[in-house]
Amino acid sequence: MKFGFVKVLVYIACLAGVAVAQEGCTDVRPGFGFFSPSCSYRKDRGDCKDLIAQGYCLETCGGCKQEPEPITTAEEVLSAVEETASEVEETEDPLTEAERETMSPEEKKKKEEIYREQLLDQVTMIEEDDGDVEVLPELVMPEETTATLAPVPEVEAQPKLPIKCSSTVLKDLKNDLNLTTAYEAALALNLTDVLERNDIIYTFFVPVDAAWEAGAESLGLSVEELFEKPAVLAKIFFTGIIPDMILDEDALDLTETMQSQSGETLAFTYDTADGVYRVSVGPDTVATIIAAEKYVGCNYMIHMIDTLLA
């Protein structure tokens, strides 16, 4: 039936956004090539109607249809449907000759309207489902773009350090009354410039003043006599320093041993009974951290301990 052909035609036009153009619109002679009469001769004989119906001599006989404009919106689709339906109505009469002779003008008009509605129901692309009517949306082709994304500059990862950069280890030792001996040891070892710098990362386990007195006594010396032995003093001082790393309490929980600046190996444990951290050098020297994270600078952290690491 012509209904099915029109339905397919409109469906393709909706999806592709273009109309279906007639293909092969050229003069094709019927018969066997040059041995058949030319299209002009057949046109002059009045054979064009039969030739067009068979697909011959389309150009000469005017059988080429003009290509319609592209259909892109639902309104244009419905307009094309109504136009197609009108063409079908002109070529296919819904009334028989007997009906035309016997029906009144009102009956003829009513039957033609019913026929037209049935035709539109078959060729329109509106689907009904549970009472909801869905119409084909407008087809919009995406526009081409030549925009490009600017490259993201690479950012070098920075170490996560405390923000307090105005302080230094030397200032903290000097200003804390419990670390006076450690400050004097730094002066005796000519470490003032080094301990003022903020570009050297380290963790410092600093003995309090009472630890220096007890440690010197265990060596059979006074604190003053200990300061007269720079090699022993330097080993005690540098054994408390872990270079290139800031060890806070969380890091201490994950650390078992670490090599100090003097080359000695420090072992770390957490005493769950007393709730404190221990730092040991060998089996005999064990210090308790009595003030964890006491001072935190831009490049260092100070833990205060109660025993010399010697």
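Below are four worked exercises on one predicted model.

Local features are given only at pLDDT of at least 70 and side-chain atom pairs only at pLDDT 80 or more, while totals for chains, interfaces and linings use all residues. Residues are numbered from 1 along each chain as its sequence is written, and side-chain values use heavy atoms, with hydrogens and water left out.

**Exercise 1. The disulfides**

Task: Find how many disulfides there are, and describe each link.

Solution:
- Step 1. Set the rule. A disulfide is a pair of cysteine sulfur atoms within 2.5 Å. The count comes to two.
- Step 2. Take Cys39 and Cys57. Their sulfur atoms lie 2.1 Å apart. The angle about the S-S bond is -75°, and the link is left-handed.
- Step 3. Place this pair. Cys39 is in helix α2 (residues 39-44), and Cys57 is in the loop between α3 (48-54) and α4 (74-91). The two are 18 residues apart, so the pair links distant parts of the chain. Helices (H or I, at least four residues) and strands (E, at least two) are DSSP runs, numbered from the N terminus.
- Step 4. Check burial. Buried means under 20% relative accessible area, exposed over 50%, and partly exposed in between (1.4 Å probe, protein chains only). Cys39 is buried at 5%. Cys57 is buried at 0%.
- Step 5. Take Cys48 and Cys61. Their sulfur atoms are 2.2 Å apart. With -70° about the S-S bond, this link is also left-handed.
- Step 6. Place the second pair. Cys48 lies in helix α3 and Cys61 in the loop between α3 and α4, so the link ties together parts 13 residues apart in sequence. Cys48 counts as buried at 14% relative accessibility. Cys61 is buried, with a relative accessible area of 14%.

**Exercise 2. The two sides of α10**

Task: Sort residues of helix α10 into buried and exposed, and say what covers the buried ones.

Solution:
- Step 1. List the buried residues. In α10 (residues 209-218) they are Asp209, Ala211, Trp212, Gly215 and Ala216.
- Step 2. Locate them. They share one side of α10, because they cover an arc of only 155° around the axis. The arc is that of the directions from the helix axis to the C-beta atoms.
- Step 3. Turn to the other face. The face away from the buried side carries the exposed residues Ala210, Glu213, Glu217 and Ser218.
- Step 4. Find the cover. It includes α8 (180-188), β3 (202-207), α11 (223-227), α12 (230-239) and β9 (300-305).
- Step 5. Look just past the helix. Gly220 takes a positive phi of about 75°.

**Exercise 3. The strands β6, β7 and β8**

Task: Work out how β7 pairs with β6 and with β8.

Solution:
- Step 1. Start with β7 (residues 276-281). Five of its six residues are buried.
- Step 2. Pair β7 with β6 (residues 265-271). The sense is antiparallel, over five bridges. Two strands pair if DSSP finds at least two bridges between them. Tyr270 stands opposite Tyr277 in β7.
- Step 3. Read the turn. β6 and β7 form a hairpin with four residues between them, and Gly275 in the turn has a positive phi of about 70°.
- Step 4. Pair β7 with β8. This is antiparallel too, over four bridges. Val279 stands opposite Ala287 in β8.
- Step 5. Read the second turn. The hairpin of β7 and β8 has three residues between the strands, and Gly282 there takes a positive phi near 75°.

**Exercise 4. Thr285**

Task: Is Thr285 buried or exposed, and which residues does Thr285 touch?

Solution:
- Step 1. Place Thr285. It is in strand β8 (residues 285-296).
- Step 2. Check accessibility. Thr285 is buried, at a relative accessible area of 15%.
- Step 3. List the contacts (heavy atoms within 4.5 Å). Not counting residues up to four places away in sequence, Thr285 touches Val279, Ser280, Thr307, Leu308, Leu309 and Ala310.
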